[in-house]
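Open the model in your viewer and show the ligand as sticks. This tour tells you what to select at each stop.

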Amino acid sequence: MNTGVTRRRLLQSAAVSLLLESAATRAIAETEIQKSKPKATSFTAVVKHRAMIRAYKSDPVPEEKIQRLLAYAMRAPSAGNLQPWEFIVVKTPETRAKLAKAAFDQTSIASAPVIIATCADVQRAGSQYGARGSFYSLVDTAFASLLILLGAVEQGLGACFVGSYNPEEVTKLFALPEHVRPVGLIPIGYPAESPRKPGTPKLPLSKVVHAEKW
Ligand SMILES: Cc1cc2nc3c(=O)[nH]c(=O)nc-3n(C[C@H](O)[C@H](O)[C@H](O)COP(=O)(O)O)c2cc1C
């Protein structure tokens, strides 16, 4: 058989088994979302109130809420629906302390009762998209991270996306395989600070929106 065809078949069968496996994961995630009634929190309100919160109460975050955030993340779009994200949930004080050190002692990481580290499996997207897969896996994992941030608002929690950390240290701490890259550290907890009013200043639309061309 010609090697191009063999390679394509191998990729196809890998994609099928991945899809079957991810269908099972998705079923759990979807049940999590369907199980409880949605709160009367409009999309507009969630987007409006989304802001990075960097100080948290020490109260633990109920496991149900953490599972809900993860279920939301699973609903993110991904290139070819390959879902290249992986999540590491950190609660133990020792690991949180080591993570805070790897994130240059950022207090948000140090004080949060729970941290979800979002990681990208570059190989999963790369198997289908080659070199472009690396880019897709980061974009997809960023989308998943955003759903966690938005979900936190809906759940009455505060969260922050932390991208400033030493990637080698985080990789070592989590014993990540070579094909998995850390993307964001998301400290989560009940807010101990109010978001800035009327919100973090943003550039005016007119500065960044272009009609038809730059
Ligand atoms: C890729 C990326 C990396 C970031 N890294 C950090 C970080 O290391 N520490 C931090 O406190 N905030 C971090 N942030 C949050 C930004 O500072 C924040 O989104 C920005 O100031 C706008 O504020 P807002 O999200 O409240 O609207 C990061 C955000 C992004 C998207």
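Select Met52 and the ligand. A backbone N or O atom of Met52 sits 2.9 Å from a ligand oxygen atom. That is a polar contact (a pair of N or O atoms within 3.5 Å; within protein, one must be able to donate a hydrogen and the other to accept it, and residues adjacent in sequence count only if both atoms are side-chain atoms). Next, pick Ser164. One of its backbone N or O atoms lies 3.0 Å from an oxygen atom of the ligand. Then pick Gln106. An N or O atom in the Gln106 side chain is 2.8 Å from a nitrogen atom of the ligand. On its own the ligand has 620 Å² of accessible area, and the protein covers 60% of that (Shrake-Rupley method, 1.4 Å probe).

This is a predicted model: local features need pLDDT of at least 70, side-chain atom pairs count only at pLDDT 80 or more, and totals for chains, interfaces and linings use all residues. Residues are numbered from 1 along each chain as its sequence is written, and side-chain values use heavy atoms, with hydrogens and water left out.

Now show the whole shell around the ligand (residues with a heavy atom within 4 Å). Among its members are Arg50, Arg54, Cys160, Phe161, Thr200 and Lys202. The shell divides into five nonpolar, four polar and three charged residues. Here Ala, Val, Leu, Ile, Met, Phe, Trp, Tyr, Cys and Pro count as nonpolar, Asp, Glu, Lys and Arg as charged, and the others, Gly among them, as polar.

Move to helix α8, residues 167-174. Helices are DSSP runs (H or I, at least four residues), strands likewise (E, at least two), numbered from the N terminus. At the start of α8, a side-chain oxygen of Asn166 reaches to within 2.9 Å of the backbone nitrogen of Glu168. After α8 comes Ala175, with a positive phi near 50 degrees.

Add helix α4, residues 93-102. α4 and α8 pack at about 160 degrees, axes 9 Å apart. Axes are lines fitted to C-alpha atoms, for helices over the stretch in contact, and angles run from 0 to 180 degrees between N-to-C directions. The two helices are therefore roughly antiparallel (over 145 degrees).

Follow α4 into the loop before α5 (107-111) and stop at Phe104. Its phi is positive, near 55 degrees. Asp105, in the loop between α4 and α5, has a positive phi of about 60 degrees.

Last stop: Pro198, in the loop between β4 (180-189) and α9 (205-208). A cis peptide bond joins Lys197 to Pro198, with omega about 0 degrees.

Technical notes. Parallel < 35°, antiparallel > 145°, perpendicular 65-115°, else oblique.
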